[in-house]
Structures are given as C-alpha cells and as structure tokens.
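User: I would like to go through this model step by step. Please keep the answers short and show the reasoning.

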Amino acid sequence: MDLRVLKYFLAVAREENITRAAESVHITQPSLSRQMQQLEEELHTTLFHRGKHRIALTEDGLLLHRRAQELVTLAEKTEAEFLNKKKTLIGRIAIGSGEFKNSRFLFDVVAAFRREHPQVYLDIYSGNSDNIKEQIENGLLDLGLLLEPVEVSRYEFLRLPEQEEWTALVDERTELAKKERLTPKDLADMPLFLTTRTMVQKELMSWFGSYADKLNIIATGNLNYNLVIMARSENGVCMNLKRDCHYEGMREIPLYPPLKSGNLLVWKKAQVYPAAVTEFIKFFRQYVQKVQELQNSANVKESIGNATPRDFADVR
C-alpha cells in the first residue's frame with residue numbers, strides 16, 4: 001500500500017469531493033479518481049459512497065481512514081527524526097497526559113528542558129491512561145503520564161515524587177455539600193459518577209468497602225469536565241482527582257479515609273528513540289532524583305511541597 005495514495009485518500013475523506021481533493025494534493029481529478037478505484041481494488045472493498053455532490057466514507061472507509069492517519073503520522077515523524085540528526089538538538093517529543101496535579105510538574109520540567117533546547121517542540125495528547133497507552137503502543141506517543149494502578153510490564157517508567165489526592169465534587173445545593181469530609185457511607189446513596197478505567201474503579205470500590213454494592217452509579221466517562229456537568233444536573237457526586245480547578249455550582253470535599261494514587265511517566269522498553277526523546281528522559285530522571293533527595297532531607301521537608309523544577313536549577 002503506497003503512502004502517497006493513503007495521503008490522497010485522506011484528502012478525499014477530508015474534502016468529501018474529488019475535485020477539491022485533487023486541487024489540494026496538486027494532481028488532476030481523473031488521476032485521483034483512478035488512484036481511489038485502484039485502492040479499492042487492492043483492498044477488495046468499497047471505501048466511498050459516491051453521490052452527485054458529496055463523497056462519504058463507508059464503514060471500511062472509516063476503518064482505513066483511522067489506519068491511514070496513524071501510518072502517515074508515523075511516516076512524517078520518522079522522516080523528521082532523520083532530517084533533524086544534527087549537533088543542535090532538534091526534534092519532536094509526543095507526550096500524553098491525563099488531567100493531574102502532577103501535569104504541572106511534568107510540563108515545568110518540559111519548559112526547563114526547552115530552555116536548554118529551544119528547537120525541540122512538543123506534541124501534547126490529552127486522555128486517560130488507557131487511551132495514552134494505546135497511543136504509545138501505536139507509536140504515536142513517545143511518553144505518557146499515567147495514573148496508577150496501571151499495567152506497566154511493557155514499559156520503562158519513573159514514578160513522580162508527589163501523589164494525586166482523590167476528592168468528591170458535590171452539588172452545592174445538596175445537604176452533603178455542608179460536610180467537611182466524606183466517608184463511603186455518605187456517598188452510598190448519592191447519584192455517583194466515576195472514571196471508565198476498570199483498574200481505577202477497583203481502587204475506588206476497595207475504598208468504599210462494604211458500601212460498594214450499594215452505590216448508585218449513574219454514568220462513567222473519561223473526561224472529567226463532562227462528568228462534573230452531568231453530576232450537577234443530577235444533584236450528584238463526581239469522584240475526582242484534586243486539581244487547581246473550579247467547577248461552578250460544585251464543592252470539592254476531601255475523602256475520609258484519604259485515598260491517593262501515584263503517577264508514572266512511561267515509555268516503551270527496548271525501543272530506540274530519537275535524540276530529543278532520549279535526552280528528555282535523562283533530563284527528567286535527574287529532576288526526579290533531585291526532588292527525591294530534597295524530600296529525604298530533614299532540612300527541606302517543610303518547603304518541598306511547593307517546590308517546582310525551577311527551584312532545582314543547579315541539577316544540571
């Protein structure tokens with residue numbers, strides 16, 4: 001399957017019109033039509049519903065569209081890596097991250113790294129840990145910031161020094177919102193909204209203990225903002241990682257007993273990475289080691305909680 005033809009296919013899918021697609025890739029309309037017919041013959045399927053004024057993808061066309069985007073992205077990334085093998089560190093680092101407090105630490109380190117290597121740029125993907133692992137496996141991400149528990153047998157990883165704290169976002173209009181902390185018993189009868197991640201759900205069920213079988217789970221999702229909106233509409237509760245965020249009409253309340261989760265920065269084992277990624281991993285490792293040293297020092301225990309990578313500029 002020719003990569004050039006896949007780019008033509010993506011142009012047709014984008015424009016939904018052969019003439020406009022041909023103009024965008026700078027070939028003639030008959031030539032592009034012929035290329036698409038040959039692609040369908042090669043794959044033994046129909047990729048398009050052809051109307052008078054619009055072309056739409058069939059089910060097989062949608063499948064090819066997803067795969068073609070992945071292949072073209074990988075090809076462009078590989079080409080850029082070989083073109084950028086110079087003395088000056090140049091390149092692209094693709095990082096996936098969920099919505100964590102530790103994301104601030106990660107991207108502070110990225111900023112510090114870019115001050116030394118300003119010609120390195122970032123491609124940021126947001127999603128939950130399962131989405132990010134899938135993107136890493138497909139070669140579309142180099143690194144991912146994941147929330148534990150997570151299966152990492154296929155990955156190298158660094159554990160971030162701080163932990164994420166679980167809280168509950170509660171509709172301010174409910175009696176529950178008047179409490180200073182929430183126990184499993186408090187939440188057992190409330191409309192509840194959880195993450196879709198199975199392993200994290202098990203952690204939450206363990207925290208609920210004997211009340212786990214009594215929960216009124218209304219919905220699960222991978223985007224916290226949407227879950228919070230729905231929780232407010234239902235006068236309910238969204239189980240949430242504590243962040244520097246404000247949600248209108250919702251109050252964030254600590255859990256008791258406290259529940260915390262760790263974060264890991266992961267990358268695939270036994271894989272050769274471009275120079276920019278390799279250097280960033282070394283840089284990040286040094287920062288984490290320095291933070292851990294400071295955390296273990298009795299003289300800085302009170303100040304380390306507010307520290308950022310900028311406080312450790314001497315690490316290099």
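User: What covers the buried residues of H2?

Analyst: This is a predicted model. In helix H2, residues 18-25, the buried residues are Ile18, Ala21 and Ala22. They span an arc of only 100° around the axis, so they sit on the same side of H2. Their cover includes helix H1 (3-15), helix H3 (29-43) and strand S2 (55-57).

User: At the start of H2, which backbone nitrogen does a side-chain oxygen of Asn17 reach?

Analyst: Look at the start of H2, where Asn17 offers a side-chain oxygen. That oxygen comes to within 3.0 Å of its partner, the backbone nitrogen of Thr19.

User: Which residue just after H2 takes a positive phi?

Analyst: H2 covers residues 18-25. Just after H2, a phi of about 65° belongs to His26.

User: Is His44 buried or exposed?

Analyst: His44 sits in the loop between H3 and strand S1 (48-50). Its phi is near 55°, a positive value in a residue other than glycine. Exposed means over 50% relative accessible area. His44 has 74% relative accessibility, so His44 counts as exposed.

User: How many residues does the largest nonpolar core have, and which helix gives the largest share?

Analyst: Met239, Phe280 and Phe284 have the most contacts inside this core. The core has 49 residues. Its largest share is 9 residues, and they come from helix H10 (residues 275-295).

User: How many residues are in the other core, apart from that one?

Analyst: Among the members of this other core are Ala22, Leu32, Ile55 and Val72. Ala22 is also one of the buried residues of H2. The size of this other core is 21 residues.

User: Which residues does Phe284 touch, not counting those up to four places away in sequence?

Analyst: Phe284 is buried, and it is among the residues with the most contacts inside the largest core. Leave out residues up to four places away in sequence, and Phe284 touches Phe105, Leu106, Val109, Leu158, Leu160 and Leu265.

User: The rings of Phe105 and Phe284 form a pair. Of what kind is it?

Analyst: There are 8 aromatic pairs in the count. The ring centres of Phe105 and Phe284 are 6.0 Å apart, with planes at 90°. Phe105 lies in helix H5 (residues 102-116) and Phe284 in helix H10, so the pair ties together parts 179 residues apart in sequence. Planes over 60 degrees apart count as edge-to-face, so the pair is edge-to-face.

User: How many residues apart in sequence are the parts that Phe113 and Phe283 tie together?

Analyst: Both Phe113 and Phe283 are buried. Their ring centres are 5.4 Å apart and their planes at 70°, so this pair is edge-to-face. Phe113 lies in helix H5 and Phe283 in helix H10, so the parts they tie together are apart in sequence by 170 residues.

User: Which residues form one aromatic cluster?

Analyst: Both edge-to-face pairs above contribute to it: Phe105 with Phe284, and Phe113 with Phe283. The cluster is formed by Phe105, Phe113, Phe280, Phe283, Phe284 and Tyr287.

User: Is Val228 buried or exposed?

Analyst: Val228 is in helix H9 (residues 224-233). Leaving aside neighbours within four places in sequence, it contacts Leu169, Cys238, Tyr247 and Met250. Buried means under 20% relative accessible area. Val228 has 3%, so Val228 is buried.

User: How far apart in space are Val228 and Cys238, C-alpha to C-alpha?

Analyst: Along the sequence, these two are 10 residues apart. In space, C-alpha to C-alpha, the distance is 5.9 Å.

User: Which residue lies over the face of Tyr256?

Analyst: Tyr256 is joined to Pro257 by a cis peptide bond, with omega about 0°. Pro257 is in the loop between strand S11 (250-254) and strand S12 (260-261). At 3.8 Å from the ring centre of Tyr256 lies Arg181.

User: Which residue does a cis peptide bond join to Glu148?

Analyst: Omega is about 0° at this bond. The partner is found in the loop between strand S5 (143-147) and strand S6 (155-159). It is Pro149.

User: Is Ala270 buried or exposed?

Analyst: Ala270 is in the loop between strand S13 (263-268) and H10. Its phi is positive, about 50°, although it is not a glycine. With a relative accessible area of 89%, Ala270 is exposed.

Key
Residues numbered from 1 in each chain as written. Predicted model: local features only at pLDDT ≥ 70, side-chain atom pairs only at ≥ 80, totals over all residues. Heavy atoms only, no water. Core = buried A, V, L, I, M, F, W, Y, C linked by side-chain atoms within 4.5 Å. Buried < 20%, exposed > 50% of the residue type's maximum accessible area, 1.4 Å probe, protein only. Helix = DSSP H or I, 4+ residues; strand = E, 2+ residues; numbered from the N terminus. Contact = heavy atoms within 4.5 Å. Arc of directions from axis to C-beta. Polar contact = N/O pair within 3.5 Å; in protein donor to acceptor, adjacent residues only side chain to side chain. Phe/Tyr/Trp six-rings, centres within 6.5 Å; stacked < 30°, edge-to-face > 60°. Lys NZ or Arg CZ within 6 Å of the ring centre and 35° of its normal.
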